[in-house]
Amino acid sequence: MRKSLICAAVCLFVAITPLFALASSVYFPDQGVSIDFPANVDVLSLNMDDNDPVLALYGKTADEVTRELKAAGLHALANDIAGNFTIKLCLKNRSAQAFGGMDEAQLKEFAGRYGGSKYELYQSAQASFLLIYGDSGRALIALANQGGMQVELRLAAKGKISQGMIKTMKNIAARTSLPQSQ
């Protein structure tokens, strides 16, 4: 029995390790924010390298991507390779209270502003993220306020939000590095 558990753990580790190795990291030095996206998404971001292979997949140049993202008010756009969802990233200079310091009434009011009556507080190593489940059942928003910066990740699904999509958002939040509070 013990040998089977060890074998299963090793197999799981071997299966998961390539996903982290293939993750796309984006860094925004002006904001002091770094985000690691999982391997199951193609990431288009501001100031991409002209030789990035993702550009060829979408038939775009780095300058085109930068112009399109800026016009949409985004810093990055992640497309699920299976086509089930997209994630839009927006960074804003905003000194606001961290979600971990808010009471239930404040969290509920904040979630309502973003179109959700269901929400949860997710604590990563870096920050408290407010996960807001859109009342449509097709949207999930992850917000964090820290160090004068607000990170906003908006997942839009083609169908209903699945447990896998929720896990993806939590994994991105867990691998987001934000400026420290001042």
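**Sheet.** I looked up the strand order in this predicted model. Seven strands, 7 in the open sheet, run E3-E4-E5-E9-E8-E7-E6, and the pairing is antiparallel. I then checked the edges: E3 and strand E6 (118-123) have a single partner strand each, so one side of each is left without a neighbour in the sheet. From one strand to the next, I find that the twist averages 15°.

**One pair in detail.** I picked E4 and strand E5 (residues 85-93), which pair in the antiparallel sense over 4 bridges. Here I note Leu 77, which stands opposite Lys 88 in E5. I also asked what packs on the sheet: H3 does, touching E3 and E4, and its direction makes about 85° with that of E3.

**Helix H3.** Which residues of helix H3 (residues 62-72) are buried? I list Ala 62, Val 65, Thr 66 and Leu 69. Seen down the axis of H3, they fall within an arc of 100°, so they line one face of the helix. A general point helps me here: an α-helix has 3.6 residues a turn, so residues three or four places apart point the same way. On the other side of H3, I find Asp 63, Arg 67 and Ala 71 exposed. The cover over the buried residues of H3 includes strand E3 (41-45), helix H2 (53-58) and strand E4 (76-80). After H3 comes Gly 73, and I note that its phi is positive, near 75°.

**Cores.** The largest nonpolar core has 42 residues, and I find that Phe 37, Leu 153 and Leu 155 touch the most other members. A second, separate core has 10 residues, among them Phe 110, Ala 111, Ile 141 and Leu 143.

Conventions
Residues are numbered from 1 along each chain as its sequence is written. This is a predicted model: local features need pLDDT of at least 70, side-chain atom pairs count only at pLDDT 80 or more; totals for chains, interfaces and linings use all residues. Side-chain values use heavy atoms; hydrogens and water are left out. A nonpolar core is a set of buried Ala, Val, Leu, Ile, Met, Phe, Trp, Tyr and Cys residues joined through side-chain atoms within 4.5 Å. Buried means under 20% relative accessible area, exposed over 50%, partly exposed in between (1.4 Å probe, protein chains only). Helices (H or I, at least four residues) and strands (E, at least two) are DSSP runs, numbered from the N terminus. The arc is that of the directions from the helix axis to the C-beta atoms. Contact means heavy atoms within 4.5 Å. Two strands pair if DSSP finds at least two bridges between them. Axes are lines fitted to C-alpha atoms, for helices over the stretch in contact, and angles run from 0 to 180 degrees between N-to-C directions.
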